[in-house]
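Visitor: Please take me on a close look at how the pieces of this structure pack against one another. I am in my first year, so explain each term as we go.

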Amino acid sequence: MLAWTIYISFLGALALLLLPKASTTAARVLALLVAVAGFGIALNAFLTHRTGELITVARHPWIPALGIEYHLAADGISLCLILLTGIVAITGILFSWNIERRTKEFFAFYLLLIGSVYGVFLSYDLFLLFVFYEIVIIPKYFLIAIWGSTRREYGAMKLALYSFIGSAMVLIGLIAAYVVAGAKSMSLDALAGYPFPLHFQMFAFPLVFVGFAILAGLWPFHTWAPTGHVAAPTAASMLLAGVVMKLGAYGCLRVAMTLFPLGLSPWGFHVLGFGSWRDVFALLAIIGIVYGAMVALVQKDFKFVIGYSSVSHMGFILLGLMTLNQIGISGSVVQMFSHGILAGLLFAVVGRMVYDRTHTRELAALGPMNLNKAIPFAAVTFVLAGMASMGLPGFSGFVAELMILIGAWHAFPILAICTGLGIVVGVVYVWRAMQKAFFAEHALASSHSPLPPISIPERLGAVILLATSIAIGLYPQMLLKIITPALNSPLFEGIRKGGWN
Amino acid sequence: MPEVIIVVTALIVLSVDLLFLRNQRTHLRFAVVASLASLGCVVGIFRILQAPEQTNALNGMFLANPLTHLLQIALLSLTIITVLLSVDSTFTEHVGEFVFLILLATTGMLFLVATQDLLIIFISLELLSLSLYVLTAFNKRDSRSSEAALKYFLFGSMSAAFLLYGFSLLYGLSNSTNLIQIASAIHGQSTSPLLAIAIITTVIGFGFKVAAVPFHFWAPDVYESANIPAVGFIASASKVASFFIFFQVMVVGFAGVEGSAVWRHLVHGWVPILAAIAALSMLLGNFVAITQSSVRRLLAYSAIAHAGYMLLALVAHTQQSLAALIYYILTYALATLGAFAVIGVVEKQTGNDHLSSFSGLSRRAPLLSACLFAFILSLAGIPPLAGFFGKFYLFLSALNATPGSNGLLWLVILAIAMSAVSLYYYLQLLKRAFVADPLADANDIHVPALTQAVVVLLAAATLLLGCAPNLLLRWILEAIAASSR
């Protein structure tokens, strides 16, 4: 049943292309229906499989000569992310209800992207996972290049090339691992169970990890993220920050770390104070957290603020992974979910509610428009989303970042303190953006023509996202209950053996 | 024998056109002639399917085994597609001659893939090449076409001379023209200077045929100036045949003097030479393609880059890499033929093949550009299209050639990195078609029905072979296993 999240999205994309040219509304409704159906299937699976153990969704021989199977399976981690994809997909469509130009194609690319994202989260065969992972690149390029705004072609190409270089690194690692393991199977558990020699893991781990982490916004490979997010149309920014960046983080956890756990063990010598790849990537993650927050602090463009905040929040996910303890890694998964929701919401406010009405994203220009009076709904949503993003208790971000910090405190006490700096700056940049955009003191009497009111789809989308964030914030056990058993499964045994505490 | 059927078909085509169709409209002549030619090829395919499993006539001069059958069927199918795509051409009135030459080239290729003998290899290669030179020059109103053909001819005849020189040295060394006997005669003579010259000249000769750096100079000009069906034919069918026989000559004929291209453990022989050529082709092809503004030239340089990837299969020289090579080149041929068909349609409407002619193509011809999307992304190696599995399997087989040591990893890393570069220029083309707005005076593009149908079929095949590679792969693997027994 779960496999239909993929099929229904692809079929939906095909059906959209076959619609007659003028039927804009039909295209929107069809896309929404498909997204809702996908979400329904995901939610159903999320609610029925409460043990978090691995369930096989589909398993057929695909390329028997190479031992490659069409193998879809889900455990607690993938179920969380599939649910996230469903939610972001629906709200993304709600927030792009105003797309008028080439609507059919827009939603066709959109559903193609969604379908492949579901595919990545569900794949259990690494070849299949890679296939879906690469399909994602193309629709995301066209979504940005055709319907984007500022420097869209540059942003789209940069994103496509970064992603492709990342997946090239992953491909090298996967092929090498497959050959070293005797070229018999591409299945995740078969490869994760194979004892790769230490020297091989030491070179394959960073290759595959960085390959995936490029898409997760690892500093210093994050530069595609702000430009890509800013150039993208609202729905694409939401998907990009909401789920596509999670693909990278998911790949780091699900592929790089399970296949090559020894790659995280100490080198046996120190270079510049680093004793292992784990130290290196933890430090890069923290630099990402602090750097992203600092840069967000000085941006003049509203969307860049959110773009850099994504880099900062994604740093938490990577830091959580590097803690190698249960609370840190579970926190990472919760953060994937939480950031998916919140980044989606923030981009929706900035891109759809504000930019589509005012046609500017300059904080200085937005101030005089008196937006908190003109579109109060947007102001309230942004305040709530901002609070959630700062990590205020009651919202999902708090739980996730707290767990990661506790995990990091066990693993790297000094670095955990530095992370605190990132959180403080995080409060400041949200505050600053909020104040400049919505509550500027020198607000003049509004001489502009009145802005169009916030539409129903927008309200609906904002409410869905906020409600999800609050629900997770108040009852994180909902996710943790299925994440924990998944992390205790045999697949993660390699990580547990090294450094799990 | 299928070759005989094709030759007879060629003669029928020529005489029917000469005797009955002289005064008809070009389009009608093309339609009749193309149906005759396709019919002949279909009969040939059926003949092959019924042929005995294994034959070996005249000490390896004429072979038949499942592998040669597979390649012959593939070549005949590509010929049919080429002929069907030429039906809507208007560049020539010499319809019969044009199709006659295509069939003659096909005959050359059918012989080429089904032999183990140097003499037959050389003769059929010359039959193929001479037909292609004339096909290139066929648009006699266009001086650029003649220029390209002359260039092709000069380079080609020089390389043929090299090849012949190499072959004669081989004969001198081994006293035989049969590849297997040559291999056993030269075994262990890897330090002989004569053998070294033979290897180098042979590599030069075939390097020209497959357009690998530094023997690639003819390719961009020919791709740019020749008529579309001829370019499609040169880029697909002729590539298939040349690459296959290149593999056979090197792997069978020069068995025992391979050497090794393992990183930091280079051993002299033909493998390191080919590794260097592969690396150069990938680098030059991809980087020069970035700067092209003519789509035909862009595809020419991308073809050079693809030749570089495919040479990896020769460097690996295992049975698995032969399977990977055949899978790669067949799917590459489908995508390239399709891409050139689309270029042909666009060119006819806009007058040139500049990137800007493709602006807004997705609005002007939605179905055609959807197919172009599939072809180009397949060339770029994006799943779920056939090109992706081709690349994956090829790189995998290269690594798998030296399982313990990952010795060819350096070449695989280079190849994968270069395919990341290639995405840039492929996306440039697709960006024109899908992102850019059509020019103000542009109207809808009229696509001839037959071309449309063939292009859709090719795109469907590209997608199908990407989603279910096993359809073709199983056939290839069985054929290779059956033929090596």
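Guide: Here is a walk from one end of a chain to the contact between chains, and on to some unusual backbone spots.

This is a predicted model, in which local features need pLDDT of at least 70 and side-chain atom pairs count only at pLDDT 80 or more, while totals for chains, interfaces and linings use all residues. Residues are numbered from 1 along each chain as its sequence is written, and chains are lettered from A and ligands numbered from 1 in the order in which they are written.

Let's start in chain A. Helices (H or I, at least four residues) and strands (E, at least two) are DSSP runs, numbered from the N terminus. Helix 1 (residues 4–18) of chain A and helix 2 (residues 24–48) of chain A have axes that come within 9 Å and cross at roughly 175°. The axes are lines fitted to C-alpha atoms, for helices over the stretch in contact, and angles run from 0 to 180 degrees between N-to-C directions. Helix 1 of chain A and helix 2 of chain A are therefore roughly antiparallel; angles under 35 degrees count as roughly parallel, over 145 as roughly antiparallel, 65 to 115 as roughly perpendicular and the rest as oblique. Among the residues making this contact are A:Trp4, A:Ile8 and A:Leu16 of helix 1 of chain A, and A:Leu30, A:Val34 and A:Ile41 of helix 2 of chain A. Two residues are in contact if their C-beta atoms, placed from the backbone, lie within 7 Å. By class, this contact of helix 1 of chain A with helix 2 of chain A has 11 nonpolar, 4 polar and no charged residues. Here Ala, Val, Leu, Ile, Met, Phe, Trp, Tyr, Cys and Pro count as nonpolar, Asp, Glu, Lys and Arg as charged, and the others, Gly among them, as polar.

Next comes a pair of strands. Strand 1 (residues 55–63) and strand 2 (residues 68–74) of chain A run antiparallel and are joined by 7 bridges; two strands pair if DSSP finds at least two bridges between them. Across the pair, A:Arg59 stands opposite A:His71, and A:Ala58 has A:Leu72 as its bridge partner. The hairpin has 4 residues between the strands, and A:Gly67 takes a positive phi near 70° in it. Of the 7 residues of strand 2 of chain A, 5 are buried, so this strand is largely enclosed by the rest of the structure. A residue is buried if 20 or more other C-beta atoms lie within 10 Å of its own, exposed if 12 or fewer, and partly exposed in between, with C-beta atoms placed from the backbone.

Further along chain A, helix 18 (residues 396–411) and helix 20 (residues 456–474) pack at about 45°, with their axes 6 Å apart. That angle makes helix 18 of chain A oblique to helix 20 of chain A. The contact is made by A:Ser396, A:Phe398 and A:Val399 on one side and A:Ser469, A:Ile472 and A:Gly473 on the other. Helix 18 of chain A also holds A:His410, which is partly exposed, with 15 other C-beta atoms within 10 Å.

Now to where the chains meet. The contact takes 28 residues from chain B and 26 residues from chain A. On the side of chain B, helix 17 (386–400), helix 18 (409–434) and helix 20 (470–483) each give two or more residues. Helix 18 of chain B gives the most, with 12 residues. That side of chain B divides into 22 nonpolar, 4 polar and 2 charged residues.

Finally, some backbone spots in chain B. Most residues other than glycine have a negative phi, and most peptide bonds are trans. B:Asn175, though not a glycine, has a positive phi of about 60°; B:Asn175 lies in the loop between helix 6 (143–174) and helix 7 (179–186) of chain B, and is exposed, with 10 other C-beta atoms within 10 Å. B:His317 is not a glycine either, and has a positive phi of about 35°, but B:His317 counts as buried, with 21 C-beta neighbours inside 10 Å. The peptide bond from B:Val213 to B:Pro214 is cis, with omega near 5°, and a cis bond also joins B:Pro383 and B:Pro384, with omega about 0°.
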